[in-house]
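Here are my comments on the model you sent round, set out as numbered points. Please read them with the structure open beside you.

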Amino acid sequence: MAKKFYVTTPIYYTNDIPHIGHAYTTIVADVVSRWNKLLGSDVFFLTGTDDHGKKIADTAKKAGKKPKEFVDGLIPKFKDAWKSLNIDYDQFIRTTDKDHEKVVQEILKKVYENGDIYLGEYEGFYCTGCEAYYTEKDLVNGCCPIHKKPAEIIKEQTYFFKLSKYQKKLLDFYKKNKNFISPEYRKSEIINRVKEDLRDLSISRTNFDWGIPLPFDKKHVCYVWFDALFNYYSATRRKDKEKYWPADVHFIGKDIIWFHTVYWPAFLMSAGIELPKQVFAHGWWTFNKEKISKSVGKVINIDELISLTGNPDSVRYFLMRGASFGEDGDFSEFALIERHNNELANKLGNLISRVEGLIEKNGMQKCDNKLVNELNVEEIKDLMEKFEIDKALGEIFRFIDRCNEYVQEKKPWETKDKKVLYELADSIKKIAILLWPFIPASCERIAEDFGGFKFELKELGKSLNSKTEIKKREVLFNKIETEEEEFKEEKSKERAEEKKKDNKINKSNEPKIKMVGEGLGSVDFSEWDKIDLRVAKIEKVESIEGADKLWKLSLDVGELGKRTICAGLKQYYSDKELKGKKIIYFSNLKPRLMKGVESQGMLLAASTSDHSKVVLISPEKDIENGVRIG
Ligand code: MSP
């Protein structure tokens with residue numbers, strides 16, 4: 001019998017249309033679901049919406065609508081968005097579904113009868129944006145740490161859940177189930193907070209009625225998180241779905257990890273229900289380095305996102321490749337287009353159209369495919385099992401690079417070697433199977449071109465039928481015209497200006513101050529005010545594939561946050577010498593892409609009088625990061 005695999009997304013608040021942040025978790029869950037289908041598992045993939053709570057009641061009121069009418073109006077937006085991104089979920093649950101409400105009421109009754117719910121009075125802080133209770137200590141200057149708005153003070157009669165009773169049980173559970181809180185680096189913060197203080201939790205509200213009534217006191221509606229978390233379980237109380245519980249993995253964003261790794265297991269323990277196996281919290285996407293939120297006008301919705309390249313697979317690919325899974329990432333239109341052009345169109349798309357064209361002309365001849373020995377399927381499987389999704393994609397693309405090199409090495413356009421062409425076609429089949437979870441529509445098109453094959457890992461063992469008729473078809477990924485030309489122009493102007501300056505200074509043979517790094521923009525020193533120079537600390541130093549002079553530097557720029565720059569310092573400084581150093585950073589230059597890395601500015605350095613060495617201008621250690629100079 002096939003192994004079952006149950007994967008979920010958070011259920012999204014229906015107070016607005018979905019955006020890139022929601023798309024991210026949903027694509028991750030879809031990729032992981034499809035990957036497990038490839039492995040032959042019996043997969044259940046759940047997504048849906050969180051329809052209740054004060055936040056939604058308030059938004060509906062502002063829109064002059066009844067809450068149910070308001071949320072119903074948003075459901076098609078979510079379903080259409082997921083359809084346009086090719087999300088193949090098995091069930092879409094809503095907390096307003098009658099059978100879900102019934103399950104929540106049954107559980108509340110059970111937990112109440114167990115003695116884990118008691119009546120009391122809550123007086124304290126609440127953030128409606130998070131739908132969360134806060135203590136004074138959690139707030140920053142009286143404001144919610146996430147929404148940065150003043151938390152509301154509420155005082156009301158409420159039912160409490162005896163969360164404190166579960167402190168030891170939770171700690172024991174984390175100890176025994178090492179992967180429950182993932183990634184590993186998010187674990188200790190949760191464990192320390194649980195150890196420090198676990199107070200009973202208010203789980204009912206009385207000052208609005210948009211929620212599930214408590215079965216033992218109808219004046220109260222259930223706290224929205226108690227209601228919402230149980231969606232994962234109630235979805236499996238439906239016909240033929242019982243076998244899927246417990247969930248194998250809940251994918252969530254890092255902001256809701258506490259609810260999922262503390263409240264959720266405690267509720268389940270109290271209700272006597274088996275616990276899910278893993279909660280995996282990913283990082284947040286910013287948009288051009290700014291928080292994505294409606295209040296700052298930086299919400300990027302799904303239609304806009306797809307329209308940037310016209311291809312949903314590019315969005316899926318970018319989001320899966322553009323950030324190390326678990327950590328934060330930054331979205332920019334430029335970075336999306338760069339990856340679409342360089343990786344999907346140039347690497348994958350070109351390989352396919354070249355091989356198709358050559359086979360159409362010359363045919364192919366079956367042989368033992370030696371090229372495919374360089375495809376490390378076990379490594380990819382291992383990475384996917386650990387949810388190192390970006391790295392698994394990187395490994396597949398390493399093989400695509402290898403295939404492109406092979407074309408160059410073997411020159412089949414000259415040799416007309418039918419065996420080489422067979423090796424390439426058979427390798428493309430394997431690439432398409434492995435890439436299908438990530439870019440399904442493109443891989444389905446490749447399968448059509450290459451005679452049709454099943455998207456199963458077992459299929460990797462079967463070689464391509466050499467009788468398959470292969471013809472050159474239209475390109476898979478159209479390259480997008482960017483401002484590249486504009487960039488080149490700007491860059492050459494900038495170089496010309498730098499040269500002029502260099503010449504002047506060189507003549508006097510003075511040591512010169514120079515800007516090292518990549519970031520578009522030349523600096524006219526007569527306009528000093530416009531230059532934003534900051535003190536920054538080098539936190540991480542990494543090599544860049546294919547660049548022997550550049551270091552990729554991760555900077556901490558205090559109030560400006562984290563920045564990345566590519567700097568040509570490799571011949572002057574080792575990584576160890578740079579790490580931890582304070583530098584002066586030009587923060588307001590237009591970013592530019594270097595070897596696939598977005599460089600967000602430059603740093604200040606000086607060259608020695610004989611121009612043989614570049615030396616960093618380094619501020620004293622005790623100057624704080626982010627301090628502006630000038
Ligand atoms: N309704 C709750 C979840 C209940 S699950 C039982 C909720 N909804 S939400 O709509 O506000 O957010 C859903 C998810 O979107 C969260 O996991 C959150 O982390 C994620 N994201 C929202 N903005 C995001 C980014 N900018 N980047 C990445 N993910 C982010 O919370």
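The points below take up the domains, one loop residue and the nonpolar cores.

1. Since this is a predicted model, every remark here concerns computed features. The domain assignment of the protein divides it into domain 1 (4-303), domain 2 (330-461) and domain 3 (510-629), and between domain 1 and domain 3 the C-alpha centres are 42 Å apart.

2. H19 sits in the loop that runs between β1 (4-13) and α1 (20-38). A polar atom of the H19 side chain lies 2.9 Å from the backbone nitrogen of G21, and, when neighbours within four places in sequence are left aside, H19 is also in contact with I292, V299, I300, N301 and I302.

3. The largest nonpolar core has 96 residues, and the members that touch the most others in it are W82, F251, M320, F331, L348 and L435. Helix α16 (residues 418-435) supplies the largest share of this core, with 11 residues, while domain 1 (4-303) and domain 2 (330-461) each contribute at least three residues to it.

4. F251, one of those residues that touch the most other members of the largest core, may be worth viewing with its surroundings displayed. Not counting residues up to four places away in sequence, F251 touches V7, T8, T9, P10, T25, V28, A29, V32, F280, F325 and F387.

5. A second core, separate from the one just described, comprises 81 residues, with Y13, L139, Y159 and W210 among them.

Technical notes
Residues are numbered from 1 along each chain as its sequence is written. This is a predicted model: local features need pLDDT of at least 70, side-chain atom pairs count only at pLDDT 80 or more; totals for chains, interfaces and linings use all residues. Side-chain values use heavy atoms; hydrogens and water are left out. Domain bounds come from an automatic or database domain assignment. Helices (H or I, at least four residues) and strands (E, at least two) are DSSP runs, numbered from the N terminus. A polar contact is a pair of N or O atoms within 3.5 Å; within protein, one must be able to donate a hydrogen and the other to accept it, and residues adjacent in sequence count only if both atoms are side-chain atoms. Contact means heavy atoms within 4.5 Å. A nonpolar core is a set of buried Ala, Val, Leu, Ile, Met, Phe, Trp, Tyr and Cys residues joined through side-chain atoms within 4.5 Å. Buried means under 20% relative accessible area, exposed over 50%, partly exposed in between (1.4 Å probe, protein chains only).
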